[in-house]
Amino acid sequence: MLRLLQPGPKLNPGVAVEFAWCLHYIICSQVNNALLITHGALSTLGLLLLDLAGAVQRSEDAGLELLVCPVFRCLSNLLTETAAEAVEGQMQLRDERVVAALFILLQFFLQKQPSLLPEGLWLLNNLTANSPSFCTSLLSLDLIEPLLQLLPVSNVVSVLVLTVLCNVAEKGPAYCEHLWPGPLLSSLLGMLAFSDTDVIGQSLELLQLLFLYRPEAAQAFLQQSGLQALERHEEEAQLQERVHVLQQTALHR
């Protein structure tokens with residue numbers, strides 16, 4: 001299966017789609033994902049992702065989503081395996097090309113098939129969750145603003161975008177310097193106008209991290225009526241405690 005998923009002139013798109021879904025179901029069954037990783041599954045899927053992004057750039061995108069979806073899922077699930085951490089040096093994924101390719105595909109699906117955006121964002125979440133280098137790639141390629149532009153798509157997309165940004169922010173002060181000053185704070189103030197509990201909760205978490213590592217951002221938040229934006233969520237049971245903690249953080253930074 002991995003051989004048939006190798007990108008190149010011999011790749012048969014129809015066959016690749018069938019085997020990519022087969023591989024997805026095998027990975028989900030948890031039979032022996034460590035074996036798949038040692039046989040180069042991450043590398044093969046990563047190279048295929050680069051190839052698919054190239055197809056978008058060449059406007060050879062007919063039926064592309066049929067293959068991209070299982071490839072996203074295979075990579076996402078393999079990246080959650082502890083075995084992946086053990087062989088991360090062999091992944092051949094740890095470079096900017098993968099992040100750039102993923103964003104090419106996200107922009108493509110934003111225009112053509114927004115329902116696939118959560119699949120790509122879940123992959124981006126798993127790439128950045130435990131990897132400072134992928135977070136660095138996100139920053140060095142100036143992809144924070146394109147990421148923020150996805151926020152209005154849906155609540156599900158908003159939560160995933162905010163989760164990825166939390167992954168970046170939790171890496172510490174050097175990473176948060178790239179998040180503020182910039183458009184992030186105004187975007188988060190906009191998010192606080194939402195009523196979806198998951199969106200608000202993830203926004204609060206990101207603000208907490210930002211204020212922790214960039215105290216100046218807390219001052220800007222106060223100056224932009226941030227406390228008033230928080231007040232509307234004070235009576236929501238699931239958010240009360242986090243709202244109170246964030247209010248205190250903002251006032252005492």
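Here a biologist and a modeller talk through how terms are applied to this predicted model.

Biologist: Hello! What should I know about the ground rules first?

Modeller: Happy to help: this is a predicted model, where local features need pLDDT of at least 70, side-chain atom pairs count only at pLDDT 80 or more, and totals for chains, interfaces and linings use all residues. Residues are numbered from 1 along each chain as its sequence is written, and side-chain values use heavy atoms, with hydrogens and water left out.

Biologist: What makes H4 a helix, and why is its span said to agree with the expected one?

Modeller: Helices are DSSP runs of H or I with at least four residues, strands are E runs of at least two, and the numbering starts from the N terminus. H4 covers residues 64–79, which is 16 residues. The expected span is 1.5 Å times one less than the number of residues. For H4 that gives 22 Å, and the end C-alpha atoms are 23 Å apart, which agrees.

Biologist: How do you know that H10 fits that rule?

Modeller: By the same arithmetic, the 15 residues of H10 should span 21 Å, and its end C-alpha atoms are 21 Å apart, so the two agree. H13, residues 197–213, has 17 residues and reaches 25 Å, close to the 24 Å expected.

Biologist: Why is Leu67 called buried?

Modeller: Buried means under 20% relative accessible area, exposed means over 50%, and partly exposed is in between, using a 1.4 Å probe and protein chains only. Leu67 has 6% relative accessibility, so it counts as buried. Its place is in helix H4.

Biologist: What does Leu67 touch?

Modeller: Contact means heavy atoms within 4.5 Å. Leaving out residues up to four places away in sequence, Leu67 touches Ala16, Val17, Ala20, Leu48 and Leu52. Val159, by contrast, is 92 residues from Leu67 in sequence and 25 Å from it in space, C-alpha to C-alpha.

Biologist: Why is H4 described as largely enclosed by the rest of the structure?

Modeller: Because 12 of its 16 residues are buried. Among them are Leu64, Val68, Phe72 and Leu79. H10 is also largely enclosed, because 12 of its 15 residues are buried.

Biologist: Which helices do the buried residues of H10 pack against?

Modeller: They pack against H7 (117–128), H8 (132–140), H9 (144–148), H11, H12 and H13. Thr163 lies in H10, and at a relative accessible area of 17% it is buried. Outside its sequence neighbours up to four places away, Thr163 touches Asn125 and Gln202. Gln202 is one of the buried residues of H13.

Biologist: What makes Asp196 a cap for H13?

Modeller: A polar contact is a pair of N or O atoms within 3.5 Å; within protein, one must be able to donate a hydrogen and the other to accept it, and residues adjacent in sequence count only if both atoms are side-chain atoms. A side-chain oxygen of Asp196 lies 3.1 Å from the backbone nitrogen of Asp198, capping the N-terminal end of H13.

Biologist: How many disulfides does the structure have?

Modeller: A search of the whole structure finds zero. A disulfide is a pair of cysteine sulfur atoms within 2.5 Å.

Biologist: Why is Cys74 not bonded to Cys28?

Modeller: The Cys74 sulfur is 7.7 Å from the one in Cys28, its closest cysteine sulfur, so they are too far apart for a bond. Cys74 is at 0% relative accessibility and therefore counts as buried. For Cys135 the closest cysteine sulfur is in Cys176, 10 Å away, which is too far for a bond.

Biologist: Why is Ser225 called partly exposed?

Modeller: Ser225 is at 38% relative accessibility, so it counts as partly exposed. This residue lies in the loop between H14 and H15 and has a positive phi of about 65 degrees although it is not a glycine.

Biologist: Where does the chain divide into domains?

Modeller: Domain 1 is 1–141 and domain 2 is 142–252, with bounds from an automatic or database domain assignment. Their centres, taken over C-alpha atoms, are separated by 29 Å. At their interface, 21 residues of domain 1 are in contact with 20 residues of domain 2.

Biologist: How much area do the two domains bury between them?

Modeller: They bury about 1,800 Å², 76% of it on carbon and sulfur atoms. Buried area is the accessible area (1.4 Å probe) that two parts lose on being put together, summed over both.
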